[in-house]
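This briefing covers a sheet, a disulfide and a few individual residues. The sequence and the structure come first, and the notes follow by topic.

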Amino acid sequence: MSLVRRRKVPENERTQVPDPNPDGNEKDKKIIDNKNEIQKSQKQQSKWNCVDSCCWFIGCTCVVWWVLLFLYNMMPSSFPQYMTEVITGPMPDPPGVKLQKEGLKAKHPVVFVPGIVTAGLELWEGHHCADGLFRKRLWGGTFGEVYKRPLCWVEHMSLDNETGLDPPGIRVRPVTGLVAADYFAPGYFVWAVLIANLARIGYEEKTMHMASYDWRLSFQNTEVRDKSLSRIKSNIELMVATNGGNKAVIIPHSMGVLYFLHFMKWVEAPAPMGGGGGPDWCAKHIRTVVNIGGPFLGVPKAVSGLFSAEARDIAVARAIAPGVLDTDLFHIQTLQHIMKMTRTWDSTMSMIPKGGDAIWGGLDWSPEEGYVPSKRRQRNNVTNEDEKIESKVKRVNYGRIISFGKDVAEAHSSEIERIDFRDAVKGSNVANHTCRDVWTEYHDMGFGGIKAIAEYKTYTAGDILDLLQFVAPKMMERGSAHFSYGIADNLEDPKYQHYKYWSNPLETMLPNAPDMEIFSMYGVGIPTERAYVYRLTPAAECYIPFQIDTSADDEGRCLKDGVFTIDGDETVPVLSAGFMNAKGWRGKTRFNPSGIPTYIREYDHAPPSSLLEGRGTQSGAHVDIMGNFALIEDIMRIAAGAKGEELGGDLVYSDIFKWSEKIKLPL
């Protein structure tokens, strides 16, 4: 047997055997290629990233939201009320239904006077960036333009820094009619619930009027620019004349209380400064003034807003997400632009605390000393047990409206070393040389001025005006021409005939109208801003050098997130809302020479029992109280002809009478 050695044939020498089925192999290759492509795409699809998750989440959220919205619109209108009654029991009839069953009818014409920020403003003339917005709401409604073109919106909502009137080329005007302030935003009522209930007993547009005005302007400038005061006068005269001579019931809310106080002096003052109605105009045309949540003596909240563009809510938001408000977010310094805009609104200066230390307290005393948050007393009944509780409460120096540091807020005045800031040299602030168009007046004040403010340590109501004059001289120059914050020594002095005093109840007299009645209605039982703990902020470009110190907390002293709180409606402390009716105007005083009867009606806050109840029917909050059934019923009875004694006189839960007695004010 022979062995044959086979040679390995190189690849290039091999004989190519013809493929018997070439078309079939091509098809197989295509199938394989297609399978490979499918496998690659499947691998790519299996890679799930963060963007996919976010898009999926947003898509699902939108779908769920629209489905719920569709179902909500499809359900019977009575379903939410039915579910609420299932959970909480039967709901009481709305006041309009209840009083309609009792046979109440419309009698006195009613005039609503809205407060700051609650009435709509619309554009009549603007710059190029506002094209397409003619007669569209810039304030109120959906606020869509805030998100679409924020800097353009800020530009058009700001007033001229020198005149306090329209900037060149811009005209923003108040919306007119009941729709001006029935809803602040879709679904967020202001006057709508009260209007609907009044309609139940026969009221309609010819017997109801919304005295809308541009709430950004100083009160006298609403007349100078828009003739708003003249329009209110004419409308009241017309309504009285066309309703059988029945005098009007005026219902101001919030800052509208101060605005109407100004009006009552303006309408009787001789022209050209006043309306020329004569000394008996109010007596002839006004039956009752029902003030709701009135900041008669100002609010500490206005101080923090003007000083650092903050209130408690903003300070807490800053602590939670500092990058949103403190940094140059999308090239918009949020708080700086807010300060730039709001410091041109002269109306905000009407709510700076009035009366100084005599009203709000000094370094070591305040009228509210001994306040116990959980305590409620109806009709000012004081027991020995109440006094024992008060003696155990930690001392709170409410008179110190601003303190730099928690230790300063708590220390005795003898332990505080203060260096006067009034004559300090402001110096130059190199950190703010490249601030583009952001103007806050802090850019004109150097590190020396900032340091001097902090070294003064603590500020009472008597120091606040000097403080604001130091940090914002241009703003205060305008404000001092339109508002005053003192206590009159002699109301017969001719200087008090000037309009700057007319909105300060401590520097003006009520009209000679003994048959008129004045109510002060407001909520109680909600922690309300009264004083603040501040700190210096690190120097940075375009920065606001002062911030509320949200790390300052002391539950025993009603201190939370750097804010000392007191009883009130979340915006206006009880002292400001109630003092004039409790003491300043009670009986015949130098502020109320004709002895107009005054009444206090307080509404103890009760939050809604469930989400289905919305904002609640027993709320005492500053705006939500406009849906409070008890308040609405009281107003409707007054509009139908009831007097204060028929309502039961005063209804008091707070310590307003006790606190008022601590204020030694010559009457």
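Strand 2 and strand 4 run antiparallel and are joined by four bridges. The model is predicted. The points below start from this strand pair, then turn to the disulfide, two further cysteines and A639.

**Sheet**

- Strand 2 and strand 4 belong to an open sheet of three strands, with the order 3-2-4 and antiparallel pairing.
- Strand 3 and strand 4 (171-174) are at the edges; each has a single partner strand, so one side of each has no neighbour in the sheet.
- On average, neighbouring strands of this sheet are turned by 45° against each other, direction ignored.
- Helix 6 packs on the sheet and touches strand 2, strand 3 and strand 4.
- The direction of helix 6 makes about 80° with that of strand 3.
- Within the pairing, L121 stands opposite P174 in strand 4.

**Disulfide**

- The structure holds one disulfide.
- C129 and C152 form the disulfide, with their sulfur atoms 2.1 Å apart.
- The link of C129 and C152 is right-handed, with 80° about the S-S bond.
- The pair links distant parts of the chain, 23 residues apart.
- C129 lies in the loop between strand 2 (121-125) and strand 3 (137-139), while C152 lies in helix 6 (residues 150-157).
- A disulfide is a covalent bond between the sulfur atoms of two cysteines.
- C129 has 31% relative accessibility and counts as partly exposed, because this value lies between the cut-offs of 20% and 50%.
- C152 counts as buried, because its relative accessibility of 8% is under 20%.

**Two further cysteines**

- C282 counts as buried, at 0% relative accessibility.
- C558 also counts as buried, at 13% relative accessibility.

**A639 and its surroundings**

- A639 is found in helix 23 (residues 629-639).
- With a relative accessible area of 0%, A639 is buried.
- Leaving aside residues up to four places away in sequence, A639 touches K107, H108, V110, L198, Y203 and V249.
- A639 and A248 are 391 residues apart in sequence, and their C-alpha atoms are 8.5 Å apart in space.

Notes:
Residues are numbered from 1 along each chain as its sequence is written. This is a predicted model: local features need pLDDT of at least 70, side-chain atom pairs count only at pLDDT 80 or more; totals for chains, interfaces and linings use all residues. Side-chain values use heavy atoms; hydrogens and water are left out. Helices (H or I, at least four residues) and strands (E, at least two) are DSSP runs, numbered from the N terminus. Buried means under 20% relative accessible area, exposed over 50%, partly exposed in between (1.4 Å probe, protein chains only). Contact means heavy atoms within 4.5 Å. A disulfide is a pair of cysteine sulfur atoms within 2.5 Å. Two strands pair if DSSP finds at least two bridges between them. Axes are lines fitted to C-alpha atoms, for helices over the stretch in contact, and angles run from 0 to 180 degrees between N-to-C directions.
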